[in-house]
Amino acid sequence: DEVLLNYNQEPQNQDQAAINAQSQSLTTMHHTYDAKGRCIHHSHVRLRKRKLFGRGWIILMSACPDCCVEELQKVMVVGKSKSK
């Protein structure tokens, strides 16, 4: 019974949907975590932990550092290809 949690919102129109699709192809969801509070892409990174009596989460990290590094590398590659 695994639940994925994220902060996405539904697009409001077709133009917004196209913009979201383009931006999501370049970016990683670095704040998405599973039922255990771990990053869905890097299971060794713990983003959240349950409060003492299981009511809610304690935020350990707001974003996965490994996802951030990967996203930075993607941006650098895109930037190099645009400058040519």
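**Surface patch, nonpolar core and cysteine environment of the predicted model**

Ile58, Leu60 and Met61 together form a nonpolar surface patch of about 220 Å². The structure described here is a predicted model. Within this patch, Met61 belongs to the loop that runs between β2 (57-59) and α2 (65-83). The relative accessible area of Met61 is 30%, and the residue is partly exposed. Met61 is also among the residues in contact with Val45.

The secondary structure consists of two helices and two strands, arranged along the sequence in the pattern α-β-β-α. The protein has 84 residues, of which 19% count as buried. Its exposed surface amounts to about 6700 Å², and carbon and sulfur atoms supply 54% of this area. Among the contacts with a sequence separation of 6 or more, 37% are accounted for by residues 24 or more positions apart.

The largest nonpolar core comprises seven residues, namely Tyr33, Cys39, Val45, Leu47, Trp57, Cys64 and Cys67. In soluble globular proteins, nonpolar side chains tend to be buried together. Two of the cysteines in the core may be considered individually. Cys39 has a relative accessible area of 2% and is buried, while Cys64 is buried with a relative accessible area of 0%. Cys64 is placed in the loop between β2 and α2. The C-alpha atoms of Cys64 and Arg46 are 8.1 Å apart in space, although 18 residues separate the two in sequence.

Val45, another member of the core, has contacts beyond its neighbours within four places in sequence. These contacts are made with Gly37, Arg38 and Cys39, and also with Met61, Cys64, Pro65 and Asp66. Val45 is therefore buried in the core and at the same time in contact with Met61 of the surface patch.

No disulfide is present, the structure holding zero such bonds. For Cys39, the closest cysteine sulfur is that of Cys67; the two sulfur atoms are 3.6 Å apart, which is too far for a bond, because a disulfide requires a pair of cysteine sulfur atoms within 2.5 Å. Cys68 likewise takes part in no disulfide, and the nearest cysteine sulfur, in Cys64, is 6.9 Å away. Cys68 is partly exposed, with a relative accessible area of 33%, whereas Cys64 is buried.

His41 is situated in the loop between α1 (14-26) and β1 (48-50). The relative accessibility of His41 is 45%, and the residue accordingly counts as partly exposed. His41 and Asp66 lie 25 residues apart in sequence, with a C-alpha to C-alpha distance of 8.8 Å. Asp66 is, in addition, one of the residues in contact with Val45.

Methods. Residues numbered from 1 in each chain as written. Predicted model: local features only at pLDDT ≥ 70, side-chain atom pairs only at ≥ 80, totals over all residues. Heavy atoms only, no water. Helix = DSSP H or I, 4+ residues; strand = E, 2+ residues; numbered from the N terminus. Buried < 20%, exposed > 50% of the residue type's maximum accessible area, 1.4 Å probe, protein only. Contact = heavy atoms within 4.5 Å. Areas by Shrake-Rupley, 256 points an atom, 1.4 Å probe, with all protein chains shown as cover. Core = buried A, V, L, I, M, F, W, Y, C linked by side-chain atoms within 4.5 Å. Patch = residues over 30% accessible without salt bridge, like charges linked within 9 Å, V, L, I, M, F, W, Y side chains within 5 Å. Salt bridge = Lys/Arg side-chain N within 4 Å of Asp/Glu carboxyl O.
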